[in-house]
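Me: I would like to learn how to read a model of this kind step by step, beginning with how its elements pack. Could you take me through it?

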Amino acid sequence: MDWTKQIIRYIAVMMLQVLLFDQLQLLGVCHPYIYILCLLMMPITLSHSADMLIGAAVGLVMDVFCNSLGVHMASCILVMFIRPYLLGAVVNDRDRLNEQICLRTLGWEAFIKYMVILVVIHHLTVFMLAAWSISHIIFVLVETLVSGFITCILILGYNALSDK
Amino acid sequence: MQSLLKILLRYSNFLVFIALEVAAFLLLYYNNAYPRSSMLSTANSIVAWQNEQINEIRGYFSLRRQNEQLAAENVSLRNQICSMDSAKNASAIHYMSAKVVQMTTDRLHNYLTISLGSNDGIVRGQGVRNEEGAVGFVRTVGPNYSVVLPLINTHTHLSCRFAKNDYLGTLVWNGKDNRFGQLADVSAHMVVNPGDTIVTSGLSPVFPEGIPVGIVENSVLKEGDAYHTIQVRLFTNFKRLKYVEVVQNAHQQELEELQNGLD
């Protein structure tokens, strides 16, 4: 897999995230974090620990833009920790995992399961850590549902466009 | 020894996971408790520069409203000059105008980044206001930019008083609506009417006394409560914040040293 392509995609997605999606103010509950697209679609060629380190770095950069040091970092590390196990569970033949992880290589069912689970875990941990108290739990759950739904749609859209 | 190494190797991924998560939580904890590092926030020059560019583009869409605001401010400044009093406290305070380069209003922990930093004499803890009323406090200071903790952040506490009878209270925010703050610590025996004006108390050197904060929207006193639940409509419209003023109190350091010396 070509790592230059991964890095260019990361920069492009981060620019979209910071310039467009962080500026959205829809009802106060819509904060899609599409930057995790890069983590979800990264091929499994490195070791598990290296994956988690990349997750930590990606999360830290996002934290700098959000003034929320540690929040995105913790969530991304968790996502990268769970990812190989989840992939093993949703994909039947392991050979496919050596390629890029996307809608085309995994198929609809496996990819949607994989994506929804990781997006919900990521968004829920981000919003819970940011709120840092149980008293805002309803708000956090609504925020997770709305933002997670938008993020999933956007990731599917990206896959549909780049598959051609 | 060899078996120990084997176990460590076998669980190495899990150990890396735990180590990284601990690092993330330490960052989270220390950033909430001591937000010092300006490198890792929007006070960082590169991040703030990028935000300023976005802001520049958005600024064109609100020129008319900004002009109206500036004109209104000019009028009020002229009025102030006319009625200027030369009290000693007032002369210790002066304001520095700053541009808001980035701000969020729809999260639980909102922040704004302003275009003044330590090079302009900004220090942590200074108050920030605009022509409408109090805005917040300086939290993290970089060389050219600073991060401000606004009133609409669930971490913020501001000492306030009623303009009508100088009764004290603390303004907090419950994270729900960025137009309203909540006034805590107002005892049940105090009579609170909708429309009462809330101003800064002047008890801390951060804000001079009497800067407008908001007016009481409604107050609820349930049977058996010791304190009122007061909803305050903030004067500052955070969604439209473009320019703010940092309050510089020449006596702030002296006052804080005196107060810290008491502990």
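Me: Which strands of chain B does helix 3 lie across, and at what angle to strand 1 of chain B does it run?

Reply: To read packing of this sort, one looks for the strands that a helix touches and then for the angle between the axes. In this predicted model, helix 3 of chain B (residues 45–59) lies across strand 1 (93–103) and strand 2 (112–114) of chain B, and its direction is at about 80° to that of strand 1 of chain B.

Me: In what order do the strands of the barrel in chain B follow one another, and is the pairing parallel or antiparallel?

Reply: One follows the pairing from strand to strand until the path returns to its start. In chain B, six strands close into a barrel in the order 1-2-5-4-3-12, with antiparallel pairing, and neighbouring strands of this sheet are turned against each other by 45° on average, direction ignored.

Me: How many bridges join strand 3 of chain B to strand 12 of chain B?

Reply: Strand 3 and strand 12 of chain B run antiparallel and are joined by two bridges; on the residue level, B:Val128 stands opposite B:Val246, which belongs to strand 12 of chain B.

Me: Into which domains is chain B divided?

Reply: A domain may be assembled from separate segments, and the ranges should be read with that in mind. Domain 1 of chain B takes in 45–151 + 239–261, while domain 2 takes in 158–234, and the C-alpha centres of the two domains lie 22 Å apart. Their contact takes 19 residues from domain 1 of chain B and 16 residues from domain 2 of chain B. On the side of domain 1 of chain B that touches domain 2 of chain B, the largest share, three residues, comes from helix 6 of chain B, and by class that side has seven nonpolar, nine polar and three charged residues.

Me: How many residues of chain A are in contact with chain B?

Reply: For an interface, one counts both sides and then asks which elements supply them. Here 23 residues of chain A are in contact with 24 residues of chain B. Helix 3 of chain A gives the largest share of the chain A side, six residues, and by class this side of chain A has 14 nonpolar, nine polar and no charged residues.

Me: What ipTM does the predictor give the complex, and what is the mean pLDDT of chain B?

Reply: Where pLDDT is low, the predicted coordinates should not be read in detail. Chain B has a mean pLDDT of 84, with 93% of its residues at 70 or more, and the predictor gives the complex an ipTM of 0.86 and a pTM of 0.75.

Note on methods:
Residues numbered from 1 in each chain as written. Chains lettered and ligands numbered in written order. Predicted model: local features only at pLDDT ≥ 70, side-chain atom pairs only at ≥ 80, totals over all residues. Domains from an automatic or database assignment. Contact = placed C-beta atoms within 7 Å. Helix = DSSP H or I, 4+ residues; strand = E, 2+ residues; numbered from the N terminus. Nonpolar A, V, L, I, M, F, W, Y, C, P; charged D, E, K, R; others polar. Pairing = 2+ DSSP bridges. Axes fitted to C-alpha atoms, helices over the stretch in contact; angles between N-to-C directions. pLDDT = per-residue confidence, 0-100.
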